[in-house]
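User: I would like to go through a protein structure step by step. Please show the sequence and the structure before the questions begin.

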Amino acid sequence: MKIDVLTLFPRMFEGPLGESIIGKAVEKNLLEINISNFRDHADNKHQSVDDYPYGGGAGMLLKVQPIYDNLRRIEEATPETKKRVILLDPAGKQFDQKMAEEFSEEEHLVFICGHYEGYDERIRSLVTDEVSLGDYVLTGGELGAMVMIDATVRLLPDVLGNKLSAQTDSHSTGLLEHPQYTRPAEFNGMSVPEVLTNGNHKLIDEWQQKESLRRTLERRPDMLEKVVLTEQQEKWLEELRNEKKEGK
């Protein structure tokens with residue numbers, strides 16, 4: 001996969017995109033990341049990329065020309081790849097795991113990180129997606145782009161050491177992940193559930209599914225409205241709801 005990022009602050013990406021899973025993906029040649037400062041494409045001697053909005057209003061808007069020229073340069077450098085161009089914008093569709101999965105299937109992603117008060121509306125004609133990280137305001141799109149890149153890259157084939165990791169993560173299954181434990185079996189009077197130590201894989205799988213349902217019911221019941229459950233999971237969920245009513 002190729003990823004390009006258009007930003008006014010390239011150094012913000014140096015640490016996060018060079019470490020951990022993303023850094024290893026780059027080392028394995030599973031991923032290529034290029035960071036562009038679109039100020040370098042400004043058509044004026046002061047390299048200004050923003051201006052006052054027509055009609056008045058607070059703040060400054062990013063100009064269309066630097067973004068347009070930066071995107072054109074990327075297209076000229078990689079004409080062979082189909083690109084999905086993502087505008088980081090508070091008014092965009094909210095990013096979620098499903099979108100990360102969609103992005104991970106793409107050949108080439110381009111993220112445009114905004115700043116200042118907003119965008120010249122004509123910039124929107126240059127993109128395929130307008131995406132928001134959530135219902136809050138950040139200083140710029142850089143942190144949002146990093147989060148989206150991280151969520152996407154970890155889903156690429158061979159990026160994670162264990163292929164099941166991405167499949168069983170919270171949100172990938174539609175449910176929160178069940179509690180997990182490692183050695184020692186007992187610490188300060190706190191013990192690992194016996195079912196996890198008895199070697200019965202059928203019982204372990206049932207416990208994990210049920211505890212995943214329990215955690216989702218307790219912490220994110222809204223997720224249960226969207227997920228498709230098996231008949232057995234529906235029975236367990238009903239038992240858990242009854243337990244909750246009885247205060248167990």
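The questions and answers that follow concern a predicted model.

User: How many salt bridges does the structure hold?
Analyst: A pair counts as a salt bridge if a side-chain nitrogen of Lys or Arg lies within 4 Å of a carboxyl oxygen of Asp or Glu. Lys2 and Glu32 form one such pair, at 2.9 Å from N to O. For the whole structure, the number of salt bridges is 15.

User: How many residues apart are Lys2 and Glu32, which meet in a salt bridge?
Analyst: The side chains of Lys2 and Glu32 meet in a salt bridge. Lys2 belongs to strand S1 (residues 2–7), while Glu32 belongs to strand S2 (residues 32–37). The pair thus links distant parts of the chain, and its residues are apart by 30 residues.

User: Is Glu32 buried, partly exposed or exposed?
Analyst: A residue is buried under 20% relative accessible area and exposed over 50%. Glu32 has a relative accessibility of 35%, so it falls between these limits and counts as partly exposed.

User: Which parts of the chain does the salt bridge of Arg84 and Glu106 tie together?
Analyst: The side chains of Arg84 and Glu106 meet at 3.1 Å, N to O. Arg84 lies in strand S5 (residues 83–94), and the two residues are 22 residues apart in sequence. Glu106 lies in a loop, so the bridge ties S5 to the loop between helix H3 (97–104) and strand S6 (108–112).

User: Which residue of the pair Arg84 and Glu106 is buried?
Analyst: The limit for a buried residue is under 20% relative accessible area. Glu106 has 22% and is therefore partly exposed. Arg84 has 16%, so the buried residue is Arg84.

User: Which residues are linked with Arg84 in a network of salt bridges?
Analyst: Arg84 meets Glu106 in a salt bridge. This pair belongs to a network of salt bridges, in which Arg84 is linked with Glu102, Glu106 and Asp129.

User: Which helices are linked by the salt bridge of Glu239 and Lys210?
Analyst: The side chains of Glu239 and Lys210 meet at 3.1 Å, N to O. The two residues are 29 residues apart, with Glu239 in residues 231–246 and Lys210 in residues 201–219. The helices linked are H7 and H6.

User: How many residues of helix H4 are buried?
Analyst: Helix H4 (residues 142–153) has 12 residues and reaches 16 Å from its first C-alpha to its last. Among its buried residues are Met146, Ile149 and Val153. What covers the buried residues includes S1, S5, H3 and S6. H4 is mostly covered, and the number of its residues that are buried is nine.

User: Which element supplies the largest share of the largest nonpolar core?
Analyst: In soluble globular proteins, nonpolar side chains tend to be buried together. Here the largest nonpolar core has 45 residues, and Ile3, Phe111 and Val153 have the most contacts inside it. Several elements each supply at least two residues, including S1, S5 and S6. The largest share, six residues, comes from H4.

User: Which residues of S6 does Ile3 contact?
Analyst: Neighbours of Ile3 within four places in sequence are left aside here. The contacts of Ile3 include Leu31, Ile33, Ile149 and Val153. Strand S6 covers residues 108–112. Within that range, Ile3 is in contact with His108, Leu109 and Phe111.

User: Which residues of S6 are buried on the side of Leu109?
Analyst: Five of the five residues of S6 are buried. Both faces are covered, with His108, Val110 and Ile112 on one side. The other side holds Leu109 and Phe111.

User: Do S1 and S6 run parallel or antiparallel?
Analyst: Five bridges join S1 to S6. In one of these pairings, Val5 has Phe111 as its bridge partner. The two strands run parallel.

User: What handedness does the β-α-β unit of S5, H3 and S6 have?
Analyst: S5 and S6 are joined by five bridges and run parallel. Within this pairing, Leu87 stands opposite Ile112 in S6. Together with H3, these strands make a β-α-β unit that is right-handed.

User: Which strands stand at the edges of the open sheet of three strands?
Analyst: The order of this sheet is S3-S4-S7, with mixed pairing. Two bridges join S3 to S4, which run antiparallel. An edge strand has a single partner strand, so one side is left without a neighbour in the sheet; these strands are S3 and S7.

Notes: Residues are numbered from 1 along each chain as its sequence is written. This is a predicted model: local features need pLDDT of at least 70, side-chain atom pairs count only at pLDDT 80 or more; totals for chains, interfaces and linings use all residues. Side-chain values use heavy atoms; hydrogens and water are left out. Helices (H or I, at least four residues) and strands (E, at least two) are DSSP runs, numbered from the N terminus. Buried means under 20% relative accessible area, exposed over 50%, partly exposed in between (1.4 Å probe, protein chains only). Two strands pair if DSSP finds at least two bridges between them. The expected span of a helix is 1.5 Å times one less than its number of residues. Contact means heavy atoms within 4.5 Å. A nonpolar core is a set of buried Ala, Val, Leu, Ile, Met, Phe, Trp, Tyr and Cys residues joined through side-chain atoms within 4.5 Å. A crossover is right-handed if, with the strands pointing away from the viewer, the path from the first strand over the helix to the second runs clockwise.
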